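Visitor: Please take me in for a close look at a single part of this structure, and then show me how other parts are put together. I am new to this, so plain words would help.

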Amino acid sequence: MSLLVLENIVKEYGNQCVLNCVSLRVERGERVALAGPNGAGKTTLLKIAMGLENSDCGTVNMARNIKVGYLSQDLADVEGSELTADTIVRYEKVSILERRLRELEHQMAEHNGNSDETSYRRLMDEYSRLLIKYEAMDGYTIETKIRKMLVGLGLRKETLSTPLNRLSGGEKMRVSVARILLEEPDLLLLDEPTNHLDIRATEWFEGFLKKFKGGILLVSHDRYFLDRVATRVAELENGSICIRSGNYSNYIQHKKQLGQFVLSEQKRLRWTIRNAKETAQGLKSRGNIKGSKSREKEVKKLNKELQTNLEAVKKQEHLHRAAGPKIKFKKVRHVSKDIAWADNLKKSFGEVTLFAGAAFHLIGGERIGIIGPNGCGKSTLINMLLGKDKDYEGFLRLGEWVRYAYMGQEVLFDNDEMTMLQLVLSQKEMQEREARDHLAWFQFYGDEVNKKIQVLSGGERVRLYLACVMLEDADCLILDEPTNHLDMPARDAVEAALKEFKGTIIAVTHDRYYLTHCVEKILEIENGKINTYQGNYEFYKQIKFGTDEEAAEDKVLNNKNYKNRKPDKNVNSFKNKALEKERQEVEAQIITLEAKIKEMEGLFDSSTPLGKYQEYDELLKEIDRLYSEWS
């Protein structure tokens, strides 16, 4: 069943056609990923589908009587994301019923046969009637859903009713996601839903979306997320759309193969045309005019076929994968053995301790990814390494011989009034022609280099900053969320360049694709500790969440003795193993108790003795306690 049908959508801004006869369907049970470079019209298409923008031509049809959940990537729009009146009333009714049930349980417990039987029977009748109503409203299910959702997104229950203007950027996005999901929509339209989510929340969200029974149309530059979630990919580029089943990697592989086929076909035609021309010339020189004319006709036919082929490729813009900036770094002159190290490091803000007793050792040429939940201290650790934050205990050092270049989450320039060309010329002595060529490597062409820095988009600022970094003689790059604000072609280009860089890279990031393909050591900040994993993100996941616990014990590094760099099997690895085992035990208890509660609910009737209700109440309290312990 089609939940959403977009047919021949056309949208122009000025003289630019952003969407040119774009058609797309979203069926129930499928997850369609809307991909494409920045400015391709992805957000515009979502807004047209929601009726927030009008198309110049085309139709939008949604299935009748469906509930739609829409998430904007703009936090200003997100602030309007409140629970609907129907949902608020629903949860209020459930809460009122639950409070009344608890009151009745208390009154029945105090009865103890001291009052007349009629009064007790009246309480029992009301309790049975309200319990049936509570079950009909999915009271138990709602509470379980809320608990799981809040735990998965790393939220407290109070945040659901907190005004969004009182929350941080990350909390706004997570609360907005939770509120939308609590509405239980049939169709989800999500614009960059993983923005501001840490890895743990993103992976919970992935699991939720994969189990979601409705339809999903989502925009994301998170390639790892799209590979795990998407069942179909629709790529927008230069106004046209190309759709293919499968995840994002499958789509890119298919596009690459198709592009190679087109190129080989063009090469074959050109080779055939050249040979036909040579044959015609040879026949003509030998006086075989008839044969020569025949060959010339063949050449004309082949030329026409080649031209048709080229025109077809021009129309199939999805075959033209944007090249991305051609980034190249200078060769590193010297790679030091020791770059940075810490021992017994402690950092606190008031009574809140981010980490204590932490230790690590980073050596030259390593590619390090720093991960952990939002607010755990990742950016703080970077600031400590850079000497911007000296309020800590213990030992921490970034070698004074290390020549580093730093790029923060917020890309700042000293003078936003400068043009891009002026900035590059101020960084290094060179001719204007050289500066223009240098900026062209980063996809800044022609008069575009005269744009002022203050008018650049987030992605453009990142590319410009990297252009300046390339001019520095650095042997260590320290990056805070380096792929933020970049579209997929730019991310691919940046990652390709970083792979070519021979120095050390220390990056804070939530980008799991980057952590998988560009990282060889992971520092994880969790529960006040800094754990070291000698491998990429896939290795980290296997060790952290895999079933082979003995292998995890052998490979997880604590690095308290950072000079020897040997695993400490008795500290962090043991704690990780014990914690995971404890989590599994708590989950097993919750499953057992919930099954018992469901069984009891099926047996409740007017003849159920008071003791059974008291036992039922105790089980509910125990489940609440276990959920708190698990979270």
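**A strand on the inside**

Guide: Ile370 stands opposite Leu523 in E17. That puts us at strand E12, which covers residues 367–371. Before we go further, please keep in mind that this is a predicted model, in which local features need pLDDT of at least 70, side-chain atom pairs count only at pLDDT 80 or more, and totals for chains, interfaces and linings use all residues. Residues are numbered from 1 along each chain as its sequence is written, and side-chain values use heavy atoms, with hydrogens and water left out.

Strands (E, at least two residues) and helices (H or I, at least four) are DSSP runs, numbered from the N terminus. Two strands pair if DSSP finds at least two bridges between them. E12 and strand E17 (residues 521–526) run parallel and are joined by four bridges. Strand E16 (residues 504–508) is another parallel partner of E12, again with four bridges. There, Ile368 has Ile506 of E16 opposite it.

Is E12 buried or exposed? Five of its five residues are buried (under 20% relative accessible area with a 1.4 Å probe, protein chains only; exposed is over 50%, partly exposed in between). Strand E12 is therefore largely enclosed by the rest of the structure. Look at which way its residues point: Arg367, Gly369 and Ile371 go one way, Ile368 and Ile370 go the other, and all of them are buried.

Strand E8, residues 232–237, tells a similar story: six of its six residues are buried, so the rest of the structure largely encloses it. Arg232, Ala234 and Leu236 lie on one side of E8, with Val233, Glu235 and Glu237 on the other, and both faces are covered. Strand E3 (residues 31–35) runs parallel to E8, and four bridges join the two. One of the residues taking part is Val32, whose bridge partner in E8 is Arg232. Arg232 has a partner in E9 too, namely Ser245. E9 covers residues 240–245 and pairs with E8 in the antiparallel sense over six bridges. Two residues separate E8 from E9 in a hairpin, and Asn238 in its turn has a positive phi of about 55°.

Now follow the chain to an open sheet of three strands, which has the order E11-E10-E13 and antiparallel pairing. Strands E11 (352–363) and E13 (393–398) stand at its edges with a single partner strand each, so one side of each has no neighbour in the sheet. On average, neighbouring strands here are turned by 20° against each other, direction ignored. Strand E10, residues 338–349, pairs with E11 over eight bridges in the antiparallel sense. Along this pair, Leu345 stands opposite Ala358 in E11. Helix H11 (residues 378–385) lies across E10, E11 and E13, and runs at about 125° to E10. For such angles, axes are lines fitted to C-alpha atoms, for helices over the stretch in contact (heavy atoms within 4.5 Å), and angles run from 0 to 180 degrees between N-to-C directions.

Here is a detail to zoom in on: Lys347 lies over the face of Phe349, 4.5 Å from the ring centre. A charge sits over a ring if NZ of Lys or CZ of Arg is within 6 Å of the ring centre and within 35 degrees of the ring normal. Arg463 lies over the face of Phe444, likewise at 4.5 Å from the ring centre.

Back towards the start of the chain, another open sheet of three strands has the order E2-E1-E4, with antiparallel pairing. Its edges are strands E2 (16–27) and E4 (57–62), each with a single partner strand, so one side of each is left without a neighbour in the sheet. From one strand to the next, the twist averages 15°. Strand E1 (residues 2–13) pairs antiparallel with E2 over eight bridges, and Lys11 has Leu19 as its bridge partner in E2. Helix H1 (residues 42–50) packs on this sheet, touching E1, E2 and E4, and its direction makes about 120° with that of E1.

Finally, step back to the chain as a whole. Its secondary structure comes to 20 helices and 19 strands, and 49% of its 631 residues count as buried. The mean pLDDT (the predictor's confidence in each residue, from 0 to 100) is 79, and 81% of residues reach 70 or more. Over residues 547–574 pLDDT stays under 50, and the model has 51 contacts beyond four places in sequence for them.
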